[in-house]
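I opened this notebook to keep a record of what I looked up in the structure, entry by entry. The order follows my own reading.

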Amino acid sequence: MTSTFPNISISTERLVLRPLDEDDVPALAEMMNDEQVGAWTDVPQPFTEDGARRWIGEYAPAERTAGRGLDLAVTEFLTQRLVGIIQLTKTNWHVRSTELSYIVAPWARGEGYASEAALATARWLFGDQKLERIEIRTAADNTASQQVAQKIGCISEGVLRNACIVHVRTEDGTWADARTDYIVWSLLPEDLDGAGEELAESGGFTSWN
């Protein structure tokens with residue numbers, strides 16, 4: 001039985017999802033220093049290029065090797081520019097489930113990249129990896145992330161009250177923790193029927209090790 005994700009690349013009509021590499025350091029550091037990333041994620045702020053190198057060279061490989069998850073760079077097919085990140089965490093190979101999250105660079109928002117990348121990842125997970133459940137957790141006020149979950153066919157299962165830590169700017173410009181609710185979304189193989197019609201019409205995606 002599979003217990004780790006392979007080193008994988010996934011392509012869609014507009015995107016290539018691939019392992020992070022050293023060339024991604026500057027763009028990754030810039031993306032992670034965005035105000036929205038600081039507000040909705042636990043990414044350390046400020047996020048340095050040294051932090052990006054540790055993520056790419058140490059954290060991501062260790063997570064994959066241990067079977068806990070997978071980190072993929074999302075890049076534009078034509079320009080190879082870093083669009084964002086797809087991250088799989090808390091993978092349970094017995095239950096055949098994983099938690100999916102996504103971050104998109106400020107310049108690339110509003111183009112549908114997050115839903116395109118997430119849907120391609122879900123199809124790969126259900127098809128090649130034989131997973132049975134994908135979970136997405138969104139902060140109660142993070143409507144952009146919730147829209148992505150809805151677009152790819154996720155079902156809202158309920159609310160985890162006061163279970164999420166987000167971050168807000170204080171008067172002196174630093175970050176402070178604030179508590180809010182998590183909305184829990186799930187995606188099962190049968191939920192993909194009818195999801196992502198545009199991606200399906202373009203021929204879906206291909207993957208290679």
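**Entry 1: a kinked helix**

I began with α3, where I find a kink of about 40° centred on Trp55. The model is a predicted one, and I keep that in mind for every value below. Helix α3 runs over residues 49-65, which makes 17 residues, and I note that the distance from its first C-alpha to its last is 23 Å, close to the 24 Å expected at 1.5 Å a residue.

I then asked which residues of α3 are buried. The list I obtained is Gly51, Ala52, Trp55, Ile56, Ala60 and Glu63, so that Trp55, on which the kink is centred, is also among the buried residues of the helix. Looking for what covers these buried residues, I found that the cover includes α1 (25-32), β3 (70-76) and β4 (82-92). Just after the helix, I recorded a positive phi of about 80° at Gly67.

**Entry 2: the chain as a whole**

I stepped back to the overall fold and counted 6 helices and 9 strands in the chain. For 209 residues a compact globule would have a radius of gyration near 17 Å, and the chain has 17 Å, which agrees. Along the principal axes, the C-alpha trace spans about 50 × 40 × 35 Å.

Buried residues make up 49% of the 209 residues. The accessible surface comes to about 10,700 Å², and I note that carbon and sulfur atoms hold 48% of that area. Among contacts with a separation of 6 or more, 66% are between residues 24 or more positions apart.

**Entry 3: salt bridges**

Side chains of opposite charge can pair when their charged atoms come close. I searched the whole structure for such pairs and obtained 13 salt bridges, of which I looked up several in detail.

One of them joins the side chains of Glu116 and Arg14, at 2.7 Å from N to O. Since Glu116 lies in helix α4 (residues 113-127) and Arg14 in the loop between β1 (9-11) and β2 (15-19), the pair ties together parts that are 102 residues apart in sequence. I checked the exposure of both partners: Glu116 is buried at a relative accessible area of 11%, whereas Arg14, at 28%, counts as partly exposed.

Another is formed by Arg109 and Asp34, whose closest N and O atoms are 2.7 Å apart. Arg109 sits in the loop between β5 (97-104) and α4, and Asp34 in the loop between α1 and α2 (35-40), so this pair ties together parts that are 75 residues apart in sequence. Here Arg109 is partly exposed at 34% relative accessibility, while Asp34 is buried at 16%.

I also looked at Glu135 and Arg137, which form a salt bridge with closest N and O atoms 2.7 Å apart. Glu135 counts as buried at 14% relative accessibility, and Arg137 as partly exposed at 31%.

Finally, I noted a network of salt bridges that links Glu22, Glu49, Asp50 and Arg53. Glu49, Asp50 and Arg53 carry numbers within the range 49-65 of α3, which brings this entry back to the helix of the first one.

**Entry 4: backbone geometry in the loops**

Which two residues does a cis peptide bond join? I found it between Gln45 and Pro46, with omega at about -5°. Pro46 belongs to the loop between α2 and α3.

I next looked for positive phi in residues other than glycine. Arg96 is one case, with phi of about 65°, and its place is the loop between β4 and β5. Is Arg96 buried or exposed? Its relative accessible area is 14%, and I count a residue as buried under 20%, so Arg96 is buried.

Lys130 is another case, a residue other than glycine with a positive phi near 60°. Lys130 lies in the loop between α4 and β6 (133-139). With 53% relative accessibility, I record Lys130 as exposed, whereas Arg96 is buried.

Conventions: Residues are numbered from 1 along each chain as its sequence is written. This is a predicted model: local features need pLDDT of at least 70, side-chain atom pairs count only at pLDDT 80 or more; totals for chains, interfaces and linings use all residues. Side-chain values use heavy atoms; hydrogens and water are left out. Helices (H or I, at least four residues) and strands (E, at least two) are DSSP runs, numbered from the N terminus. The expected span of a helix is 1.5 Å times one less than its number of residues. The bend at a residue is the angle between axes fitted to the seven residues ending there and the seven starting there. Buried means under 20% relative accessible area, exposed over 50%, partly exposed in between (1.4 Å probe, protein chains only). Contact means heavy atoms within 4.5 Å. The radius of gyration is taken over C-alpha atoms; the globule rule is 2.2 Å times the number of residues to the power 0.38. Accessible areas come from the Shrake-Rupley method with a 1.4 Å probe; for residues, only the protein chains shown count as cover. A salt bridge is a side-chain nitrogen of Lys or Arg within 4 Å of a carboxyl oxygen of Asp or Glu.
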